[in-house]
Amino acid sequence: MILPLIAILVGFALLVWSADRFVEGAAATAGHAGMPPLLIGMVIVGFGTSAPEMVVSAMAALDGSPGLALGNAYGSNITNTGLILGFTAILIPLSVHSKIVRKELPLLLAISCLTGAFLWDGGLERWEALVLLAGFFGLIGWSIYSALTGKGDVIESEVESELQTHAMPVGKAVFWVVAGLALLILSSRLLVWGAVTIAQQLGVSDLIIGLTIVALGTSLPELAATVVAARKGEHDIAIGNVVGSNMFNLLAVVGIAGAIAPMSAVPHEVVTRDWPMVVGLTIALFVFAYGFRGQGRINRWEGLALLLAYVAYTAYLILEITRAQ
């Protein structure tokens, strides 16, 4: 048990560090290439913060652990919305000014319902996974269009400020794109091996491990990015990071895993326990942040509600693990 635990800890540390380096390098490279700041914020940073989930799920699927891949995707969304946004809003109430973020909220809810519909029959076929991947590329296309036509959006100025803060020479930026991606793959393989080994030794499903340990670890880049952005007053980046990451998780992470290894027997708990939790938190986020009667806002009480929902769900999963002993 000691060696797999060390693998998980080292994997987590490398994953978080390399994801941060990869995102900064990619954003700086895109800036040097003349890409508009809004496009960098919506596509490059959004893709980069979901890179850990994508790589971990691909590795898990290749290693014959599709449950770990699915648990990572759903667990990351639950962690992003419940823990990260909830905790951040308790510290600093979040306001939504961006029209783009308001457009993304109902889209996230629709995508959450679509993935649930595909899993409802207890499986995920390759064609369904390919539909999700097609939706992911469609989302990228929509993001590019929104970025090119959304000049003057609040996110644009926030991203521009971040790019100036983390400016780096083009050579260094390209180096961190390549090195960051290589370390992402290495740390993900280490993390997946440790997680699967511990799941087998504890006698619990790889789905549970994916929903808890792996999901929390791969969401650490979002936690750091969201809290830092909120403390700087960049509320739209804070919420936009989570909303964008959640859409990427459901479309790309589940899609990649299902395309590599179609899932003929998705655990029943995914449909009855995990998917309803994802949808419930997404509905709560939509109601809180959309701003039906004015400016959207997640206040401290709403943040507390999101955090308590995450704590209750995680406690239930821990109880499931102890019952399996």
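The exercises below, each with a worked solution, concern a predicted model.

**Exercise 1. Length and bend of H3**

Check whether the end-to-end distance of helix H3 (residues 66-91) agrees with its 26 residues, and locate its kink.

Solution. Start from the expected span, which is 1.5 Å times one less than the number of residues. For the 26 residues of H3 this should come to 38 Å. The C-alpha atoms at the ends of H3 lie 36 Å apart, which agrees. Next, look for a bend: H3 has a kink of about 30°, and Asn 80 is at its centre.

**Exercise 2. Surroundings of H3 and of Asn 72**

Decide whether H3 is largely enclosed or not, then classify Asn 72 as buried or exposed.

Solution. Buried means under 20% relative accessible area. In H3, 22 of the 26 residues are buried, so the helix is largely enclosed by the rest of the structure. Asn 72 belongs to helix H3. Its relative accessible area is 0%, so Asn 72 is buried. Beyond its neighbours within four places in sequence, Asn 72 touches Glu 53, Val 56, Ser 57, Gly 210, Leu 211, Val 214, Ala 215 and Thr 218.

**Exercise 3. The largest nonpolar core**

State how many residues the largest nonpolar core has, which have the most contacts inside it, and which helix gives the most to it.

Solution. The largest nonpolar core has 86 residues. Those with the most contacts inside this core are Tyr 74, Leu 85, Leu 94, Leu 119, Ile 239, Leu 285 and Ile 298. Helix H10 (residues 235-260) gives the most to the core, with 13 residues. Now take Leu 119 and leave aside its neighbours within four places in sequence: its contacts are Leu 70, Tyr 74, Leu 124, Val 266, Val 270 and Val 271.

**Exercise 4. H10 and its crossing with H5**

Describe the span, kink and burial of H10, then how H5 (residues 126-149) crosses H10.

Solution. First, the span: 26 residues at 1.5 Å a residue should give 38 Å for H10, and its end C-alpha atoms are 36 Å apart, which agrees. Second, the kink: H10 bends by about 35°, centred on Asn 249. Third, burial: 24 of the 26 residues of H10 are buried, and the helix is mostly covered. Fourth, the crossing: the axes of H5 and H10 come within 8 Å and cross at roughly 145°. The crossing is left-handed. On the H5 side, the residues that meet H10 include Arg 126, Leu 133, Phe 136 and Ile 140. On the H10 side, those that meet H5 include Met 247, Phe 248, Leu 251 and Ile 260.

**Exercise 5. Pairs separated along the chain**

Give the C-alpha distances for Lys 172 and Gly 25, for Leu 109 and Ile 283, and for Ala 305 and Leu 281.

Solution. Lys 172 is in helix H7 (residues 170-202). Lys 172 and Gly 25 are 147 residues apart in sequence, with 7.5 Å between their C-alpha atoms. At 44% relative accessibility, Lys 172 counts as partly exposed. Leu 109 is in helix H4 (residues 99-119). From Leu 109 to Ile 283 there are 174 residues in sequence and 6.8 Å, C-alpha to C-alpha. Leaving aside neighbours within four places in sequence, Leu 109 is in contact with Val 279, Thr 282 and Ile 283. Ala 305 is in helix H12 (residues 300-324). Its relative accessibility is 40%, so Ala 305 counts as partly exposed. Ala 305 and Leu 281 are 24 residues apart along the chain, and 9.8 Å separates their C-alpha atoms.

Key. Residues are numbered from 1 along each chain as its sequence is written. This is a predicted model: local features need pLDDT of at least 70, side-chain atom pairs count only at pLDDT 80 or more; totals for chains, interfaces and linings use all residues. Side-chain values use heavy atoms; hydrogens and water are left out. Helices (H or I, at least four residues) and strands (E, at least two) are DSSP runs, numbered from the N terminus. The bend at a residue is the angle between axes fitted to the seven residues ending there and the seven starting there. Buried means under 20% relative accessible area, exposed over 50%, partly exposed in between (1.4 Å probe, protein chains only). A nonpolar core is a set of buried Ala, Val, Leu, Ile, Met, Phe, Trp, Tyr and Cys residues joined through side-chain atoms within 4.5 Å. Contact means heavy atoms within 4.5 Å. Axes are lines fitted to C-alpha atoms, for helices over the stretch in contact, and angles run from 0 to 180 degrees between N-to-C directions. A crossing is left-handed if the near helix is turned anticlockwise from the far one by less than a right angle, and right-handed if clockwise.
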